[in-house]
Amino acid sequence: MTHATLAGAPFVALQNNDLYLEGVKLADLARTHGTPLFVYSKAAMLSALAAYQRGFAGRNARICYAMKANSSLAVLQVFAQAGCGFDIVSGGELDRVVAAGGDVSKVIFSGVGKTRAEMRQALEAGIACFNVESDAELEVLSEVALSLGKRAPVSIRVNPNVDAKTHPYISTGLKGNKFGVAHERALQTYQRAASLPGLHVTGIDCHIGSQITETTPYLDAMDRVLDLVQAIEAAGIPIHHIDFGGGLGINYNGDTPPEADALWAQLLTKLDARGYGQRQLMIEPGRSLVGNAGVCLTEVLYLKPGEQKNFCIVDAAMNDLPRPAMYEAFHQIVPLTPRNGDAVVYDVVGPICESGDWLGRDRSLTVQTGDTLAVLSTGAYCMAMASNYNTRGRAAEILVDGDKAHVIRRRETSADQMAMESLVS
Ligand code: LLP
């Protein structure tokens, strides 16, 4: 194995035949803390953030980390301390921002189904903006804000109807998606928003999908959004900020998304050319800030040769790593301590009672029972989507910073899982 095979995970490297994340030997962590175990690199997160910061140097821009990608408190703390705002999609996420010491005045609230209670919570906390996704939501938000004697700052999520060319489940900017207000209706929706007494129109936003690896969909979406800004302002409604959402992909398996700074160099050229370069800009990146900062360590429990397939059964499962089962997603799987010997082709599977419980198919591995494997690029949408299916406790999490390893979440016990339940007496 060479460093090249780990290109998607720049802070993971082999040293003397042992896999390290920053200055920490992963095998030591697995031994001390058990498996499955998520391990994140703080340097990798900050380096991903730095690419955006370079891209926006000299601009009036705010990076709102889309915390749905990984909402563990210590991860939020890293981004809060680096000055980021947060893109939230629930009242629970707002509670987490507060608990992690984040600045609530830099929070934007996305999502198609905000409840009245969530609107009240966010208004009382004083968030920066609601990204409203329908006409119906506008009416309710205005009513809730008035009942609190406030005006809600709003931006309307417009659906630019561009193809992000990604997996259908994570593509959000096409007409057939449930997200946003159709481009053709947007002006009307803005006029309604401007007329509602409980609202204060501040911006516009769009988000076209996730794991986007091409620049063109962004450029197309930007054109469509700027056309709207022009029309909305011509109708007398000023737009103070423009939010271009998140969605930038990462390298899972030789994917070649643009770097954040290179992407933004192109987007800013277009913005400048169209005369909007000095507006307040916002973005909502999730995956690209954390995805390649994390690995999941898992122990090989059994090797099970078969007539058609060989199975490598590990102690992590679809409840820990749901992306393969949900999107047929690919994650590299590498041993922590590579062995010499002939490789065998395995399906790497978990212990859950479902055929969909696989982590990798047709992987060529030289492994023995008791070895530990690292599933790479698992910093985003893994722990955040983990469940207790099969009454499996959620994994522990470690944040590595240089040669230090901090436990940021202890392993969940059965008692934790049962704590909210009761028998009928
Ligand atoms: N803003 C909005 C309104 C979003 O819906 C999302 C993601 C983001 C920002 C952040 O997108 P990112 O930069 O992370 O691509 N569970 C799926 C991904 C779902 C993305 C949902 N929305 C996966 O594992 O691939």
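Modeller: Two strands pair if DSSP finds at least two bridges between them. Strands (E, at least two residues) and helices (H or I, at least four) are DSSP runs numbered from the N terminus. This is a predicted model, in which local features need pLDDT of at least 70 and side-chain atom pairs count only at pLDDT 80 or more, while totals for chains, interfaces and linings use all residues. Numbering starts from 1 along each chain as its sequence is written, and side-chain values use heavy atoms, leaving out hydrogens and water.

Colleague: Happy with that! How do you know that β1 and β2 are paired?

Modeller: There are 4 antiparallel bridges between β1 and strand β2 (residues 18-21), and the criterion asks for at least two, so they pair. Within this pairing, Val12 faces Leu21 of β2.

Colleague: What makes β1 and β3 edge strands?

Modeller: The open sheet has 3 antiparallel strands in the order β1-β2-β3. β1 (12-15) and β3 (24-25) each have a single partner strand, so one side of each lacks a neighbour in the sheet.

Colleague: Staying with β2, why does Asp18 count as buried?

Modeller: Buried means under 20% relative accessible area, exposed over 50%, and partly exposed in between (1.4 Å probe, protein chains only). Asp18, part of strand β2, has 15% relative accessibility and therefore counts as buried. Its side chain also makes a polar contact with that of Thr337 at 3.1 Å; the term stands for N or O atoms within 3.5 Å, where within protein one must be able to donate a hydrogen and the other to accept it, and residues adjacent in sequence count only if both atoms are side-chain atoms.

Colleague: Why is β4 described as largely enclosed?

Modeller: In strand β4 (residues 37-41), 5 of the 5 residues are buried, so the rest of the structure largely encloses it. Leu37, Val39 and Ser41 cover one side and Phe38 and Tyr40 the other, all of them buried.

Colleague: Which strands pair with β4, and in what sense?

Modeller: Strand β14 (residues 294-304) pairs with β4 in the antiparallel sense over 4 bridges, with Val39 opposite Val295. Strand β20 (residues 396-401) is a parallel partner over 5 bridges, and there Leu37 stands opposite Ala396.

Colleague: What is unusual about the peptide bond before Pro36?

Modeller: Most peptide bonds are trans. The one from Thr35 to Pro36 is cis, with omega near -5°; Pro36 belongs to the loop between α1 (26-33) and β4.

Colleague: How do Asn161 and Ser377 rank for exposure?

Modeller: Asn161 has 29% relative accessibility and so counts as partly exposed, whereas Ser377, at 2%, counts as buried. Phi of Asn161 is near 55°, and Ser377 has a positive phi of about 55° although it is not a glycine. Asn161 lies in the loop between β9 (152-159) and β10 (181-182); Ser377 lies in the loop between β19 (372-375) and β20.

Colleague: Now the ligand: which residues are closest?

Modeller: Ser210, Glu284, Arg323, Tyr327 and Tyr381 are the closest of the 17 that surround it, where a residue qualifies if one of its heavy atoms lies within 4 Å. A polar side-chain atom of Arg323 is 2.6 Å from a ligand oxygen, and the corresponding distance for Lys68 is 3.4 Å. For Gly247, a backbone N or O atom lies 2.8 Å from an oxygen atom of the ligand. The protein covers 92% of the 590 Å² of accessible area that the ligand has on its own, by the Shrake-Rupley method with a 1.4 Å probe.
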